[in-house]
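The exercises that follow ask you to work through a structure one feature at a time, and each task is followed by a solution in steps. Please keep the sequence and the coordinates open while you read.

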Amino acid sequence: MPKIALLPGDGIGKEVVREAVKILLAVGKRYNLDFVFEEGLIGGSAYDATSSPLPPKTIDLCLGADAVLLGAVGGPKWDDLPGNLRPEAGLLGIRKALGLYANLRPARVFPGLTGASPLKEKVVSGIDILVIRELTGGIYFGEPRGREKLVSGGTKAYDTMVYTTEEVRRIAELAFEIAAKRCGRVTSVDKANVLESSRLWREVVRQVHQRYPDVVLTEMYVDNCAMQLVRDPGQFDVILTTNLFGDILSDEAAMLTGSLGMLPSASLGGSVGLYEPVHGSAPDIAGENKANPLATILSAAMLLRYSLGLHQEAQAIEDAVEAALLAGYRTLDIAAGSCQVVSTSQMGDLVAGFIRQGSQPGKAGAL
Ligand code: NAD
């Protein structure tokens, strides 16, 4: 029985994880699978209960599970805590504890949602991009970092961008492996005209590429990539990049799809994968049953595919999401025109209903 650790976290995290569990139960029923769910604390709610954003019990729970499904962490209540106690420290900590060095963020425009994108329909129609972001190296973890008072007055603050050959090698391998099963194109994004760490990144990516002759490698500076993503996103298949650049570019790619609420992610590398929506805890709508649960539901689909090898079941979730959208149901964040606006829990019920019906995309009827 696959054991799934649930870390709902803060704000809308709790609401969207609840809907993803509803979907996994529907999948379990249809395919005769028994999932075991066990819940743990992370982020601000963990800090409130235990004075730590990542209690050791949560780490143990995740290490003992087959996969982890996380909601989101953070909120204004915890904004003034010191860095090591902030909710985000829980998130960085669990990624580190699980050895997750690769973050996969698909940005795909679902049929019927091209109108939700801030870009012209003809620019975004059919895009299917996978941003692969290095997750445990680079400037977010580099040492030294800190602050110093200057004798001349004022303060100096600094961070360090560091990459090792090994860190670049393993993420590049993963990117080429995945690209080989998609459209066979990797765009490696760096700032090699300025940064020493980017020059090493380029060298290693080129070396790894020699073992994947069937995959086309393109190199691009991050500023150009930011521009190309809005100019011609259809040119991208897999974007491979560093922690900092990936953080920014994946949010930009997210907006091509029209809503943060539609974007799932997977973090891989260690023995246990972690799956979470790209969005945060959305304190402005938390507790109102308005959040879009589809990013978390699609994260659950990635969990089935990447951690449990349940490809048919993952596809069933993605088909049901597509069916719900094609039938005209929308949460507020993606609502437009003559759609039917539904709440978080209603969207969960609808997707679960389509899973039970075994809907094929395009064949969705009204419920
Ligand atoms: P956010 O993603 O929480 O929200 C940005 C905007 O998008 C808000 O207007 C929000 O209402 C909307 N939004 C986000 N997810 C949505 C959904 N599923 N359905 C409908 N609308 C949605 O980003 P933020 O406001 O910058 O950050 C809020 C808190 O979340 C902060 O404490 C931040 O640190 C944290 N955060 C956490 C994560 C994470 O847990 N992975 C990621 C980003 C931000």
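## Exercise 1: Thr218 and its surroundings

Leaving aside neighbours within four places in sequence, Thr218 is in contact with Val186, Thr187 and Ser188. The model is a predicted one, and the remaining steps should be read with that in mind.

Task: state which strand holds Thr218, and decide whether Thr218 is buried, partly exposed or exposed.

Solution. Thr218 is found in strand E9, which covers residues 216–221. Its relative accessibility is 36%, and because the class between 20% and 50% is called partly exposed, Thr218 counts as partly exposed. As a further step, take the C-alpha atoms of Thr218 and Val109: they are 109 residues apart along the chain and are separated by 23 Å.

## Exercise 2: Thr241 and Gly258

Task: place Thr241 and Gly258 in the secondary structure, and then assign each an exposure class.

Solution. Begin with Thr241, which lies in strand E10, residues 238–241. Since its relative accessibility is 0%, Thr241 counts as buried. Not counting residues up to four places away in sequence, Thr241 touches Ile132, Arg133, Glu134, Val189, Trp201, Gly246 and Leu249.

Turn next to Gly258, whose place is in the loop between helix H9 (243–256) and strand E11 (264–268). Gly258 has a relative accessible area of 13% and is therefore buried, the cut-off being under 20%. With residues up to four places away in sequence again not counted, Gly258 touches Ala116, Ser117 and Pro118. The C-alpha atoms of Gly258 and Val109 are separated by 8.2 Å, although these residues are 149 residues apart along the chain.

## Exercise 3: helix H11 and its two partners

Task: describe how H10 and H1 pack against H11, giving for each pair the angle, the distance between axes and the orientation.

Solution. Two packed helices are described by the angle between their axes and the distance between the axes. For helix H10 (residues 294–307) and H11, the axes come within 7 Å and cross at roughly 160°. That angle makes H10 roughly antiparallel to H11, because angles over 145 degrees fall in that class. The crossing of H10 and H11 is left-handed. On the H10 side the meeting residues include Leu294, Ile297, Leu298 and Leu304, and on the H11 side they include His311, Ala314, Val321 and Leu325. By class, this contact of H10 with H11 has ten nonpolar, two polar and three charged residues.

For helix H1 (residues 12–31) and helix H11 (residues 311–326), the angle is about 125° and the axes are 11 Å apart. H1 and H11 are therefore oblique to each other, and H1 passes H11 in a right-handed crossing. Ile23, Val27, Arg30 and Tyr31 in H1 meet Gln312, Glu313, Ala316 and Ile317 in H11. Sorted by class, the contact of H1 with H11 has five nonpolar, one polar and two charged residues.

## Exercise 4: helices H8 and H9

Task: determine how H8 and H9 are oriented to each other, and which residues make the contact.

Solution. Helix H8 (residues 222–231) and H9 pack at an angle of about 10°, with their axes 10 Å apart. Since angles under 35 degrees count as roughly parallel, this describes H8 and H9. H8 contributes Val222, Cys225, Ala226, Leu229 and Val230, while H9 contributes Phe245, Leu249, Glu252, Ala253 and Leu256. The contact of H8 with H9 has nine nonpolar, no polar and one charged residues.

## Exercise 5: backbone geometry and cysteines

Task: where do Asn32, Ser51 and Pro144 lie, and how many disulfides does a search of the whole structure find?

Solution. Most residues other than glycine have a negative phi, and most peptide bonds are trans. Asn32 is not a glycine, yet its phi is near 60°, a positive value; Asn32 is placed in the loop between H1 and strand E2 (36–39). With a relative accessible area of 73%, Asn32 is exposed. Ser51 likewise has a positive phi, of about 65°, and lies in the loop between helix H2 (44–50) and helix H3 (56–63).

A cis peptide bond, with omega about 0°, joins Glu143 and Pro144, and Pro144 lies in the loop between strand E5 (128–134) and strand E6 (146–149).

Finally, a search of the whole structure finds zero disulfides. Cys183 is in no disulfide, the nearest cysteine sulfur being that of Cys225, 16 Å away. Cys183 is exposed, with a relative accessible area of 57%.

Technical notes
Residues are numbered from 1 along each chain as its sequence is written. This is a predicted model: local features need pLDDT of at least 70, side-chain atom pairs count only at pLDDT 80 or more; totals for chains, interfaces and linings use all residues. Side-chain values use heavy atoms; hydrogens and water are left out. Axes are lines fitted to C-alpha atoms, for helices over the stretch in contact, and angles run from 0 to 180 degrees between N-to-C directions. Helices (H or I, at least four residues) and strands (E, at least two) are DSSP runs, numbered from the N terminus. Angles under 35 degrees count as roughly parallel, over 145 as roughly antiparallel, 65 to 115 as roughly perpendicular and the rest as oblique. A crossing is left-handed if the near helix is turned anticlockwise from the far one by less than a right angle, and right-handed if clockwise. Contact means heavy atoms within 4.5 Å. Ala, Val, Leu, Ile, Met, Phe, Trp, Tyr, Cys and Pro count as nonpolar, Asp, Glu, Lys and Arg as charged, and the others, Gly among them, as polar. Buried means under 20% relative accessible area, exposed over 50%, partly exposed in between (1.4 Å probe, protein chains only). A disulfide is a pair of cysteine sulfur atoms within 2.5 Å.
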